[in-house]
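Work through the exercises below with the coordinates open, and try each task before reading its solution.

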Amino acid sequence: MVTYLKDKIENGNYRGIGEFHLFHKHKDTEVMKQIMQLAADHDLAINAHADYETIKTLIALQPQLRLIWAHCGMEHPLKDIEQAFEKYPNLYCDLSFRYHMFDDDWILTPGWKAVLEKHSDRFVLGMDTYIPRRWAELPEHVEFAHEWLQQLSEEARNKIARENINNWF
């Protein structure tokens, strides 16, 4: 894996590594240490789909790297995300597949709305087209994102929807 990544990085125009799934038992293997070092050597962001403990391990390996937590942990508790933002200044979150931010009427919960507003520079909107069907459904996902983003201030909405990703890369 490391050799493959080195070859791709040296022969292409890459800004990051990921999204990759990383399970807890693999978080601090020699391969992951080498991948994190490779990212550091080339100033690449990391986009990891992992649990919070694994995210903390990756940050500890290379604390200066920008680490984008895929799906903001999927169903991870908001309190952990808030604590992580306070502790780790280079941690960011992708919001694709993050449906637990809403109540039953698809309204942002007060807690999530407050965090999105407070840390709007730490989030990016994603769509996650991991299977072909998701490409066909992309217009609906974009429309849904547009609708819930309207619940935020214009500044937060613009950062999350487009400015952050453009500034990060």
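The exercises that follow concern a predicted model, and each task is paired with a stepwise solution.

**Exercise 1.** Determine where arginine 122 lies and which groups surround its side chain.

*Solution.* Begin with the chain trace, which places arginine 122 in the loop between helix H5 (110-118) and strand E5 (123-124). Next examine its charge environment: arginine 122 is buried yet has no salt bridge, and the nearest side chain of opposite charge, that of aspartate 121, is 5.5 Å away. Since a salt bridge requires the nitrogen and the carboxyl oxygen to be within 4 Å, the distance of 5.5 Å to aspartate 121 does not qualify. Then turn to the backbone, where the side chain of arginine 122 reaches the oxygen of tyrosine 88 at 2.5 Å. Finally, list the contacts, leaving out residues up to four places away in sequence; among them are Phe85, Tyr88, Pro89, Asn164 and Trp168.

**Exercise 2.** Find which residues of helix H7 are buried, and explain why they line one face of the helix.

*Solution.* First check the geometry of H7, residues 138-149, whose twelve residues reach 16 Å from the first C-alpha to the last, close to the 16 Å expected at 1.5 Å a residue. Then sort by accessibility, which gives His141, Ala145, Trp148 and Leu149 as the buried residues. Viewed down the axis of H7, these buried residues fall within an arc of 100°, and therefore they line one face of the helix. On the other side of H7, Pro139 and Glu140 are exposed. To complete the picture, identify the cover over the buried residues of H7, which includes H5, helix H6 (132-136) and helix H8 (154-168).

**Exercise 3.** Compare the settings of the salt bridges lysine 56 to glutamate 53 and glutamate 86 to lysine 118.

*Solution.* Start from the search of the whole structure, which finds five salt bridges. In the pair of lysine 56 and glutamate 53, the closest N and O atoms are 2.9 Å apart, and both residues lie in helix H3 (residues 52-61), three residues apart, or about one turn of the helix. Lysine 56 is partly exposed at 23% relative accessible area, and glutamate 53 is likewise partly exposed, at 40%. For glutamate 86 and lysine 118, the closest N and O atoms are 3.6 Å apart. Glutamate 86 belongs to helix H4 (residues 78-87) and lysine 118 to helix H5, so this pair ties together parts that are 32 residues apart in sequence. Here glutamate 86 is exposed, with a relative accessible area of 53%, and lysine 118 is exposed as well, at 59%.

Note on methods: Residues numbered from 1 in each chain as written. Predicted model: local features only at pLDDT ≥ 70, side-chain atom pairs only at ≥ 80, totals over all residues. Heavy atoms only, no water. Helix = DSSP H or I, 4+ residues; strand = E, 2+ residues; numbered from the N terminus. Buried < 20%, exposed > 50% of the residue type's maximum accessible area, 1.4 Å probe, protein only. Lys, Arg positive; Asp, Glu negative; His and termini not counted. Polar contact = N/O pair within 3.5 Å; in protein donor to acceptor, adjacent residues only side chain to side chain. Contact = heavy atoms within 4.5 Å. Expected span 1.5 Å × (residues − 1). Arc of directions from axis to C-beta.
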